[in-house]
Structures are given as C-alpha cells and as structure tokens.
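Reader: I have the sequence and the model open side by side. Could you walk me through it, with the terms spelled out as we go?

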Protein chains: 2
Amino acid sequence: MIEFQVIKKSNKSLARLGILKTSHGEIETPTLVPVATQAVIKTLTSEEVLETKTQILISNTFHLHLKPGEDFIRKSGGLHKFMNWRKPIMTDSGGFQVFSLGFGHDLNVGKLLKYFPGKNHQIIEHGKQPKRLKITDDGVIFKSPIDGKELFIGPKKSIDIQKKLGADIIFAFDECTAPLCSYDYAKKALKRTHNWAKICVESMRGNKKQSLFGIIQGSRFKDLREEGADFINSLDFAGFGIGGDLGEDKRQMKEVVGWAVSRLQVSKPRHLLGIGYLEDIENIIKWGIDTFDCTVPTHYARRGIAFTGAGKINFNKTLLLKSKISLDKNCSCFVCKNYKRNYIAHLIRAKEITGMKLLTFHNLYYFNNFVEKIREKIKSGKL
Amino acid sequence: MIEFQVIKKSNKSLARLGILKTSHGEIETPTLVPVATQAVIKTLTSEEVLETKTQILISNTFHLHLKPGEDFIRKSGGLHKFMNWRKPIMTDSGGFQVFSLGFGHDLNVGKLLKYFPGKNHQIIEHGKQPKRLKITDDGVIFKSPIDGKELFIGPKKSIDIQKKLGADIIFAFDECTAPLCSYDYAKKALKRTHNWAKICVESMRGNKKQSLFGIIQGSRFKDLREEGADFINSLDFAGFGIGGDLGEDKRQMKEVVGWAVSRLQVSKPRHLLGIGYLEDIENIIKWGIDTFDCTVPTHYARRGIAFTGAGKINFNKTLLLKSKISLDKNCSCFVCKNYKRNYIAHLIRAKEITGMKLLTFHNLYYFNNFVEKIREKIKSGKL
C-alpha cells in the first residue's frame, strides 16, 4: 500500500511537493514516470534507468497480457523481480489501448486534437464503434495483434492481470475517449467508466500489497469532467488518474485538468496519464499534478532527437558530424561526459542501436533533472 | 608502432602466448578481436565493451569510408577519440567487402564453402567479374549502397583512408577470393594482391604511428598459399593477416592456415581474418594464430542466441519464459548476475533492443573469458 504526504504547497500555483511511500521505497513528487511498455525502457537495462534519476516506471497491462502473459510474470515473482527493478512501478489498466487501437487509430488523433483547418474531423456519435475493437458495457473485445485470436479485457480482468503483474500502483479500467467524441458519446462512456470503477474497487478488496488509482474521464465537457471527478473521488481509491482526451489544444487541456483537480481530495496523489512534452511539464505541475507518464523522452531518442538546455537537436542532420562538443554542455549525464555530438550523429545516421540508446539515456536524465529543478523551485517558493 | 613479444610457446602445438604493445596499451594474445564495423559494437557503448574483457577492436574501412567518411573521423581526432575507446584498434582494408559484396554475395557462400550435395556451385573462372563490383589491377570499382555513386578503392586509397581513421594496426588492401574460384582465378588474384601489398608498404613510409599487416591470400591451393606467405613475409610488414577463402571445410581450413603459418617469421603477430566459431577457437590458436576477428558472438546475440558452458541457448523459444535461472550459472558477467532467462526470453520475443544488448554483452564476455582460459592453459603448459 502507498502513503502519500504533501510536504509543501506553492503559494503561487497549485504545485505541491510530496513524498510517495511504497513498499519499494519512497519517491519525491512531482515526478516523471518513464514508460516501460513491455517491462523495459526500450534500449536500456534497469541499472541504466536507475542512473537516469528515474524514480518510478509505468508498464502496460495490455502489452504484457499479450506478451509474455501475466502468468509468466507472476511465476517469476512479479514485475519488479522479473525486470530487476527495485523501485516503484505503476501499471496502466489497458484503457488507453482501447483508445489508441480504437478511435485514436481510426481517426489518427492523439489525446489533444490539434485541429488543422481543412481537415475533416468527423465527430464520433454515440453508438459508433471503432473498426478494430468492440466496446460493450462489460468491457472491450479485440483481436490479438499476435495471432488474431479474440480477446476480452474488462474491469475485473484488468485488475486480475494487474494483480499478477504486481505493480505498486495500478489503475482502474476505463474507456479513454477520443477528442472527437460527441457529448452524448462522452456521457455514455463516462457511465461505463464509472460502472467499471466500482467493479475495480470491489475486485481489489483484501489486496494489501497494491494501491488502486481511479481514472477521471469526461472528455472536454465541463459538467462531465466534474461529474467524473466527483464520482471517482467518492470511491475508495488511493489516488487519481486524469485520463481521456484533453480537448483541442493546450489552453483547453489546462481547463480540463483544472475542472478535475479542483474537486479531488488534496491528500491523494494525482497522475496525469500520457502527457508530458517538455514545454508542458512546468504547467501541469502548476495545475496540481504530482506524477505524469509520457513517452516523449524515449520515443524522440529513438528517432534521433535529443533535448538540451538550448532546445532540441536532430542527430539525423549531417552538420552534426562536424560538432566536437558534448551533447549538452550543462548536462552531467554519462553520455554528455563521454561522447561528442559527431559520434552520436554518426551512430544515428548509421542506424546503430547504440545511438538510440545514448539518446534515450540522455533524454531521460535530462527530463528527470528538469523535474528535479522544478521540485527545488517549489521547495524554495519560486514556483 | 606496435611491438610484439612471444612470452611462451606450447610444446604440444604451435600455440603461443604473447604481449602486443601499442600506443594505446598492451594486450595479451591470443585474443579475440570483436568487430565494431561502424565504429561501434552494435548495441553496446565503449564502456560496456571494456567490461566484457575486450582488449582490442576491429573496425571496417569500407563502411566508415561510406559513413561518416574518414575525413569526419580524422577531424574528430581519429577513431579512438571518436568512439571513446582508449584501447587498441585495428581496421581492415576493405578487401573483405570486395568478396562479400562481390562473389560472396552472388554465389551466397562464406569463407568456408560448406558444400551441400545437389547444390550447383559454379566455379569462378579467371576473367569473370562479380555482378556488383568491377575488380581491376588497380583496385575495385563499386556503387555506393547509399547513393549509387561510383566509388573506387585501391591499395593507396585504402591506406589513405586507414591513416585518417588512425587505428593502431591497419591492413594492406587485398583481393579476398571466394572458395569457388578456379586455380587460375586465384593465381591472378594473388598477383594483384601482391602488387597492391607493395603499394601499401610504400604508402606507409614515414608513418610512425600505425603498423601495417600484410594479408596472405592464395585460396585453397597449397603452392599459391605458400607463394603468398613467402611474398608477404619478404616485405616490411609489422604482422600478418591470413585472409581469403579457407577451402571447403574445417579440415581444409587447418591445412590452409598451416601452409601459411609455417613460412612466416615467428617474431611477428598472425591474425586470422573473419574466423572464430566457438568450436574453432582452440584449434586456430593451436595452429599458431595470435588474434582473430569474428562477428559470431555479436551477430548471434542479435538473433537471440546465447553461448553458455552448456551450449547455445535460443531465446526465441517460449519454453525459456519459464526459466527462473540465470543465463549461465558459471558466468560472472553483469547480465548473468542481474537477469534471469525468463526476462531475456521475454525481451527477445518482444523484439526489444535491450534483449539484444544483454545477449551481446554476455556473448562477448563469454568468448573473451573462453580465450582467457586458453591463455591460462598455454601458461600452465596444458595446451
């Protein structure tokens, strides 16, 4: 079970400094939660991840259910032992995949709409189903991408899988809506999410090892988000996730997060699911978010993009072959201490795995360091 | 410049223990030379390679000429600085690519023929050219695999490139013949290789930093191999490479290596190019080989195969997901100390880069450790 303690509140924003205690150690919040989809941060070992100042990871219930299957992980002693990671772990519930493999895939949209004029975004009306999934009041039916076999995940199943995976913090199963859903669709989906939330809480009775977070849905609609927050807040959850679509743009994202956060018990931790571009991080912390997961540092790294104090660097460019300076002169990570830009550019351009790995290491370190500095700002009353 | 000292000879075989001194430190021979084709051991950092007990690397002149180009590497301070590797480095001459992109590719054969009955292996007669290269008395004309531009590498060009790369040990440019060449073809190719050898020696005059090894060719023909050994032995080389095809099978490989080694000055180091299956290593050392490069440990790792004291393990197999023991119980490498077979199997099956990296680390450590034990056997008079 977790314990959460707010140790300092900003008097200029909703930002707060906290300590999250788990049976795998304490972590300081706010913190980034790097994404170890398949029980691994792509390209790194668990020991390397630790060196990037990472405090906690999130793994993916849907992916691990498909491969290797939760029973293998349970038999190996759970995720921590399986991947040799001794710090805390979260698992998401699989709800996000209902979106990303469903309407997210069909309409090619993310959690923020980023509307482009001229592009015909069709609104998802109530009753419509995505092409590759079937969403019912009981759960989601989908075809295994591995062998095409029909599979089902619902609230009880999701908790069963997550129990076997054995993360410290697990999430209730939800329907993560697309930013193009109609009000009617969002309302029905919210009702489903709430029924599932109750089943998840029920399924957790007697589980003293793990802590369950409920997920607030409601799309970009104020009354639905507030209803979502109030309902999830009323159940026996150890913390909250804010999920689903967050509207059209970052202005709307701020509103949506605000509607939810304002109605939640302040004593419980708040996780923002799947958000964390570098430029968003300080903002979401100011809006009262304690933890957030996102694939930006790791995903960008594998495409050859590094984050530095002077902006992003694209290592696919020939020009960088001439650069004999370190990746980021103000960074003290292993990569910046040992390698120059010219070598990293060569590795990325030559499609060498080691290049992706060096950038993954640096980016994670950079992001974690970035958040560490924000924690220091909160400590010293500067945020 | 290198210095080589034989410190002990076996009295049961031609095996010998040596010290190879370079301006980047001393190494003990016999030793494996892992292949860092594009100035990197695929999946690892230079620091990790060091932890695998690797003493010396070999990089590829042909590949580095194409990407990033030798001028970039020279301007960055040479290969050692470029890749942050402080120990010795070899570069091959590009001669092997003449084979692998030429007849090796056309006929789908390696350096050992491994004849399969029923397969129609056409003998390469004198005058025949491979499909994708043109071999002339001056050098080799080929199309860049990057942009299709016509490129040329000859003996002088190869040395020029290798000077800019700055390895401690560099190789003369040669024509590496296929095991299907006719006697006539091998004879003409040998003559070319010898003309090129003289040009390479000439091009190295005044170079006090690097040491040049000559390559003995002559295919599977006794008189040609002996002629090759005598000729290369007569020139001003710091050491020898035994290259080209080594016949049909391992019995013939032993003969071919023997014909060459028997005629070489005993005071100079002997490198066997591109050979080193685990089961071959003790043999080639007994035949008098001091160093040998091969991609087996790294290449097999990326395909999910690990080498252990109990044989090869294929981590693509589902069965291994159940195995809670370490990769090799007698190995003390980082991977065997920290990870179990079930996790490695999951990573390999899920196509995670980290899986390839863990196996690359282990395999290199395993091979280096294997050769270290052979050195100990020579020391104690047991080989």
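Author: Let me begin with a term: helices (H or I, at least four residues) and strands (E, at least two) are DSSP runs, numbered from the N terminus. This is a predicted model, in which local features need pLDDT of at least 70 and side-chain atom pairs count only at pLDDT 80 or more, while totals for chains, interfaces and linings use all residues. Residues are numbered from 1 along each chain as its sequence is written, and chains are lettered from A and ligands numbered from 1 in the order in which they are written.

Reader: Fine. Where is A:G77 found?

Author: A:G77 sits in the loop that links helix 3 (70–75) and helix 4 (79–83) of chain A. A residue is called buried if 20 or more other C-beta atoms lie within 10 Å of its own, exposed if 12 or fewer, and partly exposed in between, with C-beta atoms placed from the backbone. A:G77 has 13 such neighbours inside 10 Å, so it counts as partly exposed.

Reader: And how far apart in space are A:G77 and A:H271?

Author: Their C-alpha atoms are 26 Å apart, with the two positions 194 residues apart in sequence numbering.

Reader: Switching to strands: how do strand 1 and strand 2 of chain A run, parallel or antiparallel?

Author: Strand 1 (residues 3–9) and strand 2 (residues 16–22) of chain A run antiparallel and are joined by six bridges; for pairing, DSSP has to find at least two bridges between two strands. A:Q5 has A:I19 of strand 2 as its bridge partner, and the two strands form a hairpin with six residues between them.

Reader: What do strand 8 and strand 9 of chain A form?

Author: They also form a hairpin, with six residues between the strands, and A:G148 in the turn has a positive phi of about 75°. Strand 8 (residues 140–143) and strand 9 (residues 150–153) of chain A pair in the antiparallel sense over four bridges, and A:V140 is matched with A:I153 of strand 9.

Reader: Which peptide bonds are cis?

Author: Two that I can point to are the bond from A:T29 to A:P30, with omega near 0°, and the bond from A:K67 to A:P68, with omega near 5°. A:P30 is in the loop between strand 3 (25–29) and strand 4 (31–33) of chain A, whereas A:P68 is in the loop between helix 2 (61–66) and helix 3 of chain A.

Reader: Why mention them at all?

Author: Because most peptide bonds are trans, and most residues other than glycine have a negative phi. On the second count, A:K351 has a positive phi of about 55° although it is not a glycine. A:K351 lies in the loop between helix 14 and helix 15 of chain A, and with 11 C-beta neighbours inside 10 Å it counts as exposed. In chain B, phi of B:K351 is likewise positive, near 55°.

Reader: How is chain A split into domains?

Author: The domain assignment gives domain 1 (3–294) and domain 2 (309–363), with bounds that come from an automatic or database domain assignment. The C-alpha centres of the two domains of chain A lie 32 Å apart. Seven residues of domain 1 are in contact with six residues of domain 2 in chain A, contact being C-beta atoms, placed from the backbone, within 7 Å.

Reader: What about the contacts between chain A and chain B?

Author: There, 30 residues of chain A are in contact with 30 residues of chain B. The largest share of the chain A side, five residues, comes from helix 14 of chain A.

Reader: Last topic, then: which residues touch the most other members of the largest nonpolar core?

Author: A:V257, A:I344 and B:I344 do, in a core of 233 residues. A nonpolar core here is a set of buried Ala, Val, Leu, Ile, Met, Phe, Trp, Tyr and Cys residues joined through C-beta atoms within 7 Å. Leaving aside residues up to four places away in sequence, A:I344 touches A:F315, A:L327, A:Y339, A:G355, A:L358 and A:L359.

Conventions. Two residues are in contact if their C-beta atoms, placed from the backbone, lie within 7 Å.
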